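Please walk me through this model in the viewer, one selection at a time. Tell me what to pick at each stop and what is found there.

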Amino acid sequence: METTSTGFMAQCYELYGAPALGSLVRVGDPAVYAVVHNVTTAALDLGRRVMARGASEATEEAVYNNNPQIARLLATHIEALVVGHGVGEATKYRLPSSPPRIHAFVYCCDASEVAAFTDGLDYLHLLTSASTPAIDEVIAANLRLAAESHSDPDAFRIRAGKALAAELAGDIARLNAILRGIA
Amino acid sequence: MSTNGNQGDPGKLMGGTPLGTVVGGSLSEGVEVKLNDDASVEDIPVGSYVVIQGETKRFFGMVNEVKLAATDPRLRTTPANLSDPFVAEVLSGTAAYGTITVRPRLLLPMIAGSDAELAPARTVPAHFARASKASDADVAQVFGVEDDRHFAVGTPLDMEAVVCLDLKAFVERSNGVFGKSGTGKSFLTRLLLIGVLQSRLSSLLIFDMHDEYGWAGSDAERGRQVKGLKQLFPAQVAVFALDAEKSMGRPVKPDVMVEIGYGDIEPEDIMVLRETLNISEVAAESSYSLERHFGKGKWLKAFLELEGRDAIFELANDININTSALASFHSRLTNRFARLPFLVEKPAQDSVQALMDQLDKGNHVVLEFGRYGDDVPAYMLVANLLTRRIYARYRDRQMTETAEKGKSTTPLSIVIEEAHRFLSPAVASQSTFGIIAREMRKYNVTLLVVDQRPSGIDPEVMSQIATKVCCLLDDDRDVDAVMTGTSGSRELRSVLAGLESRQQALIFGNAVPIPVAVRIRDYGTADSYDSLMRVASHRSAKKSSSSTVPSESASSVRGEPVEPQASAGRKDDEDELFG
């Protein structure tokens, strides 16, 4: 939907079908890897405000069932920060020379892709230096998710924690906040 | 992967455990090494050795400071939630890390194990040079391996490698063994003496205050008796004794019973005792007047034989000395000397000659004081008197021989205990020991001083002590005295303070390339004797053609009655000891 060198925005095919905050996604070929840092669901037409519905409905699900147009008028978007890209077989933890194209397909990475990508942790530098809101929560979420794809999650968490400590050497308060989120 | 630039494979070039990376520092203060995540400050005691692999040089140094640091100063005021083991593990070595300061002292050959000479370090390794614990091979390269010239004294505190003393450098100058009471000075001295004795680089004259070195010594810690030098090296060691009663009660009699004639005591011997006997300077100096009055060699006997105050007053008037000073001098000397049985009018033999005979044969002499070892004035009197006369002979002989043939006599090391009494600032200028410490190296006589109060020794004498072997010292003044004039004394102080109270010592000076804290090798078990004697037999096999092992017993030289075993049994003793 919108791409820059440091990130992109994508619309999900399904309403509320966004990947989890902090998850690793892949786009284009050669692959550009990015971490989801924001998920938005809003009216497709930004000029029309969404009206509150369902005052007489018993459940939230009934609101959607009785107003099937809602799914057509709303859309879920994700915003992701680029953290690396593939060059041949290798993975580079830096920004690609050109951003992904509009209408490129965005895929959620599976566990093996996540494990392979997070084997190196240099991408944390791109995340920690990003100025997006609540980025520390995104980093913590990303590392929590990544740990699950590794065969030894505890060892990964410690390795990642130490890498973060090196990145945030002068900001112990921020480091502490992220570590609390990983634990 | 690399989290902080310290990891990778720093140990690849070196044998020891990788520690960290050089991040700053200077030659005078030492270089700072940031420890790797997996290296704990708790495993790196001050004084341990580190090898730093520079770009073109390998540096060997000693840890002189261990510090805790944090990347963010706020960590001190708002500590992280360390109750969570995950957080604690992440932070240790990263945000909170350890550093050590290493003072480079030597340059090692780039190729470990090569025979290239060690050189003093005059620069520091570059940034990010990798530091690792010194391996046993590195330490062996620095301290040498046990051979004719090197004697193994022990192992570094946290290593298995052997630390060897360079005996040639050791015997060339005066040395000191220091440590507070009960830290194993005698134990250590005995080992050092065995090393010197085996090397045959020097003769030894040991004034054995508490009968620790001659026939047998005691190991107070284990409550056992250990072999003295005579038991280990019967053919090379002659035991002289002062206390006939004590010496006669054991299996092997001393080689010589020492007697001192009143005539042998000179005013200078009394001057040395001035502080110990609490005699005023006026009174002590009156001994010179007494010598002039009564005659050389007769004055002491004549003075001690005076009876009654009138006789003393009359003498005081005759020689123009304050009467009360002379009376108190008389009573002090009478109280002290009149009841010493080894002080006789006419000795059966000339003890100094007997001593010289032994030393000339390349033998070593232990003078056991028996019960008189607790009598400090008696110990000082005998030690000073004998040393003064031996010193005179060595000096004369050295001057003659140097003039005639250009060769020197066998060096002599004199071992004295309670050295501060002989070498205090007030006495050192007069005592023979002071002279020896200051200038006798050129006459081939050196001292091995054993003392618990080095602060009591004249600083001028201390500055001449080339190799210092220090057990634990508590008193700051003593530590100051020992460390004066030593480079890097600040780091050595912390090493010294960290020694255990027994069987550990800090050695620095001529005989070791760099200061070293050692765990002293064992002595007193069958195994320890075996390991010492293996080296001895190896050396004696190598040197048998040139050695001067005496074929006669010590006593037979003087015609003194001797136990048959002392001479006839010697070969058997050696065979048994040497296996």
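A helix crossing is called right-handed if the near helix is turned clockwise from the far one by less than a right angle, and left-handed if anticlockwise. This model is predicted.

**Stop 1: a helix pair in chain B**

Select residues 476–483 of chain B, which form helix α20(B), and residues 489–497, which form helix α21(B). The two axes lie 11 Å apart, at an angle of about 130 degrees. An angle over 145 degrees would count as roughly antiparallel and one of 65 to 115 as roughly perpendicular; α20(B) and α21(B) are therefore oblique to each other. The crossing of α20(B) past α21(B) is right-handed.

Now show side chains. On the α20(B) side, B:Val479, B:Asp480 and B:Met483 take part in the contact. They meet B:Ser489, B:Leu492, B:Arg493 and B:Leu496 of α21(B). By class, this contact has four nonpolar residues, one polar residue and two charged ones.

**Stop 2: the largest cavity**

Stay in chain B and select B:Phe170, B:Val171, B:Asn175, B:Leu193, B:Val196, B:Leu204, B:Ser413, B:Leu447 and B:Leu448, which line the largest cavity. Its volume is about 40 Å³, and the structure holds two cavities of 30 Å³ or more.

Which elements of chain B each supply at least two residues of this lining? They are α4 (167–172), α5 (185–199) and β20 (445–451). Seven of the lining residues are nonpolar and two are polar, with no charged residue in the lining.

**Stop 3: chain A as a whole**

Hide chain B and colour chain A by secondary structure. Chain A has seven helices and seven strands. Read from the N terminus, the order is β-β-β-β-α-α-β-β-β-α-α-α-α-α. Along the principal axes, the C-alpha atoms of chain A fill a box of roughly 55 × 35 × 30 Å.

**Stop 4: the largest pocket**

Select A:Ala10, A:Gln11, A:Cys12, A:Tyr13 and A:Val106. Of the 23 residues that line the largest pocket, these are the closest to its centre. The pocket encloses about 490 Å³ of space.

In chain A, β2 (7–11), β3 (24–27) and β7 (106–108) each give at least two residues to the pocket lining. Which strand gives the most? That is β2(A), with four residues. The lining divides into 17 nonpolar, four polar and two charged residues.

**Stop 5: two backbone details**

Most residues other than glycine have a negative phi, and most peptide bonds are trans. Two places in chain A are worth a look with that in mind.

Go to A:Asp29 and A:Pro30. The peptide bond that joins them is cis, with omega about 0 degrees. A:Pro30 sits in the loop between β3 and β4 (32–43) of chain A.

Then go to A:Ala134. Its phi is positive, near 50 degrees, and the residue is not a glycine. A:Ala134 belongs to the loop between α4 (124–128) and α5 of chain A.

**Stop 6: α5 against α7 in chain A**

Select residues 135–148 of chain A for α5(A) and residues 172–182 for α7(A). Their axes are 8 Å apart and the packing angle is about 40 degrees. Angles under 35 degrees count as roughly parallel; α5(A) and α7(A) are therefore oblique to each other. The crossing of α5(A) past α7(A) is right-handed.

From α5(A), the contact uses A:Ile135, A:Asp136, A:Ile139, A:Ala140, A:Leu143 and A:Arg144. From α7(A), it uses A:Arg174, A:Ile178, A:Gly181 and A:Ile182. By class, these are six nonpolar, one polar and three charged residues.

**Stop 7: α6 against α7 in chain A**

Keep α7(A) on screen and add residues 153–167 of chain A, which form helix α6(A). How do the axes of α6(A) and α7(A) cross? They come within 10 Å and cross at roughly 165 degrees, which makes α6(A) roughly antiparallel to α7(A). α6(A) also passes α7(A) in a right-handed crossing.

Label A:Arg157, A:Gly161, A:Leu164 and A:Ala165 in α6(A). Their partners in α7(A) are A:Leu175, A:Ile178, A:Leu179 and A:Ile182. This contact has six nonpolar residues, one polar and one charged. A:Ile178 and A:Ile182 take part in the contact of α7(A) with α5(A) and in that with α6(A).

Conventions
Residues are numbered from 1 along each chain as its sequence is written. Chains are lettered from A and ligands numbered from 1 in the order in which they are written. This is a predicted model: local features need pLDDT of at least 70, side-chain atom pairs count only at pLDDT 80 or more; totals for chains, interfaces and linings use all residues. Side-chain values use heavy atoms; hydrogens and water are left out. Axes are lines fitted to C-alpha atoms, for helices over the stretch in contact, and angles run from 0 to 180 degrees between N-to-C directions. Contact means heavy atoms within 4.5 Å. Ala, Val, Leu, Ile, Met, Phe, Trp, Tyr, Cys and Pro count as nonpolar, Asp, Glu, Lys and Arg as charged, and the others, Gly among them, as polar. On a 1 Å grid over the protein atoms alone, a cavity is a set of points where a 1.4 Å probe fits but cannot get out, and a pocket is an open set with protein on both sides within 12 Å along at least five of seven lines; lining residues have an atom within 4 Å of a point. Grid points are joined across faces, edges and corners, and a volume is the space filled by probe spheres set on the points.
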